[in-house]
Amino acid sequence: MVTVHKSGAYYLGDGAWVMDDEDAAGKLAAAGIRESREEGRDKTMAWSILSSHNQSGDRKKLNIRFDQLTSHDITYVGIIQTARASGLTKFPVPYVLTNCHNSLCAVGGTINEDDHMFGLTAAQKYGGIYVPPHLAVIHQYAREMMASAGGMILGSDSHTRYGALGTMAMGEGGPELVKQLLGQTYDIKRPEVIAVHLSGEPKRGVGPHDVNIALIGAVFESGFVKNKVLEFVGEGVHRLSEDYRIGIDVMTTETTCLSSIWETDEKTREWLALHGREEAYRKLEPERGAYYDGVIDIDLSTVEPMIAMPFHPSMAYTIEEVNHNLKDILHGVEERAKVSFGEQVRADLSNKIVNGKLRVDQGIIAGCAGGGFENICEAAGILDGEDIGNDKFSLSVYPASQPIYAELIRNGVAAKLMDAGAVLKTAFCGPCFGAGDTPANNAFSIRHSTRNFPNREGSKPQKGQISYVALMDARSIAATAAHQGFLTPATQMDKDIPTYSYHFDSKIYEKRVFDSKGQADPDVELQLGPNIRDWPKMEPLPENLALRVVAEIHDPVTTTDELIPSGETSSYRSNPEGLAEFTLSRKAPDYVELAKAVREGERAQVVGACIGKALPGFHDIMMAIRTKFPEVSKANIGIGSTIFAVKPGDGSAREQAASCQKVLGGWANIANEYATKRYRSNLINWGMLPFVIAPGDLPFEKMDYLFFPRIREAVANRKEKIQGYVVKEGTLVPFTVTLGDLTEEERKIILDGCLINYNRRSLKK
């Protein structure tokens, strides 16, 4: 299905390639191509877009200015509050505030709707666009109303991907949007570009999520595409509908790539024209001789119905493989549960095997991945005349926007779904992150949504709860529903599935969306609910730093959902101190208490009080430090906490995975590597040191104190290796960490203690 070529290659068009090997020069000359690799790299679609948005004038170090921004109601309050603290007066580019995450106002009284009213008044005050709850999920609105071929969009959600419409889009933590709002730039090294060459045509019953799971399964573990751009080319692209391309594109996030871009064609133009934006179209394709840093071949005709088993989208199997090896594969899920949850829960999937088949408890088709028009229409075609039954199995369908929902009602698809027993719900991202349709304890859910990380579906292992999510395409979810929960690939359904034309009703948005057309009204007062709080004061990086290790995580990968849980905690994301109470609660339940104890020592230090009283035992730590560094005193040392994790930050872009640690007194993370650029950037923007330590035996353990002498000087002077010490039993044991590549701006942010401090200092100049 998927073949990965890790060597470079030149693309000649029409499916022809010249691999970058010893015979390349002769083959290129025969094809009339004499460009070097660097000249070939300039011929990609990705570079044509990146270079047109680069403000640096440097081909290797890019300073990107985006055309548009988008956020949802988990993130926009914090972003705007941060930007306000730095002097924001007007949104400089179109900024869309959608309300598709905290849409259910059932947690904490009024706090979710308070956030929505903050968003509306912010759009009025600063000149933005406000999309009310239940009207559209963030990415569908951006596709329908924002994306343009050759443009760039930055969003504060990790699945910000609009490459199938010709837009290079990236999902980042909120501080990166703050920078754009303040006229700053997104600073990255020029990324490598990997071609995804599509050939063939999908067979009936195979949908975009099947392609996604096959792709993610082939590249995630190796990290082959991490922080690179995926560029989709080849004749297979043009055999896919635009909806199908969008369905593949949105999941490229799970490969850990930086962004994506696709060839565009008449189908793209027609899709944009259908949404009243034909002027947003232009043809995109790589120039002949474009050079790629690797190639992924996908023969669409060989892709089978797939399933990503718990607890990651890369746990890829064909559905037939699961059905034929059910006991072994379910046992593997149970073993992964032990890694994630330890003794907190008892994983037992034996009761899911009924007469030798897997019987699941729930089906969900939802959100930016599953809620597209074609996905739902094909699911309805499979379910037409079927009955999902009245036992444990249930099926919920969430159209991605109100215009899609309206069309499903007009064309009769909604009636077919409901007649089969499915429940149609509004545009809402809740099932994707645990704020809606949380399964029962020990239930198994199949979902056409974006992620199936541990607990992301809403269960709470600290309360003994566990449930399981596997990712599947809407078509096979419908086939399974037609068999009342018994796992079934859609290719086994021998049905003629009707096709439907889509008619976009723009009046739905015209009547409800507030669009300032870029006009700010400074007289509007922001509506602030009692849960909306400013960020606490944060101190600059001290001259010397003592850190206590208050959490130690040895899982192969730690997701942002484990760093700061999703679900109902999202309602508190406008309250930094309130949300911080949930930090690492599902992974290290004692983290908050331990971090707060260290924070009291930090606060005592800042005001000049006796640290020993606020932080018992620290006097002995200081005495040990002073045996080697007598110049260190309470006047020039900072105290904070840190965590160690092997590979933290997979998944969501949410900045709170880092900011909550900072609010609790965190000054650093220590990792063997960071799972995504997004998480590392979030650490930096909150003034936290993204330390990297070589894999192997750790020189420290939980509750140890670490000392970093002259750390401020080391950061300022770009030291490649930083000497730290484990303070133990009166001695200092040395070890080495690095900070990786830091831009000059990132160094200054860390030195100032966070992006807010950096911007405030800049304003004073």
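How are H7 and H27 oriented to each other? Select both helices, H7 (residues 174-181) and H27 (residues 677-685), where helices are DSSP runs of H or I of at least four residues, numbered from the N terminus, and look along their axes. They pack at an angle of about 65°, with axes 8 Å apart, so H7 and H27 are roughly perpendicular to each other (65 to 115 degrees counts as roughly perpendicular, under 35 as roughly parallel). Axes here are lines fitted to C-alpha atoms over the stretch in contact, with angles from 0 to 180 degrees between N-to-C directions.

A word before moving on: this is a predicted model, in which local features need pLDDT of at least 70 and side-chain atom pairs count only at pLDDT 80 or more, while totals for chains, interfaces and linings use all residues. Residues are numbered from 1 along each chain as its sequence is written, and side-chain values use heavy atoms, leaving out hydrogens and water.

Next, select H15 (residues 373-383) and H19 (residues 474-482), which pack at about 25° with their axes 8 Å apart. H15 is therefore roughly parallel to H19. Show side chains for the contact (heavy atoms within 4.5 Å): Glu374, Asn375, Glu378, Ala379, Ile382 and Leu383 of H15 meet Ala474, Arg475, Ala478, Ala479, Ala481 and Ala482 of H19.

Last stop: Ser574, in the loop between H21 (560-563) and H22 (576-580). Ser574 is buried, at 4% relative accessible area (buried means under 20%, with a 1.4 Å probe and protein chains only). Beyond its neighbours within four places in sequence, Ser574 is in contact with Val77, Asp115, Asn531, Ile532 and Arg533.

Key. Helix = DSSP H or I, 4+ residues; strand = E, 2+ residues; numbered from the N terminus. Buried < 20%, exposed > 50% of the residue type's maximum accessible area, 1.4 Å probe, protein only. Parallel < 35°, antiparallel > 145°, perpendicular 65-115°, else oblique.
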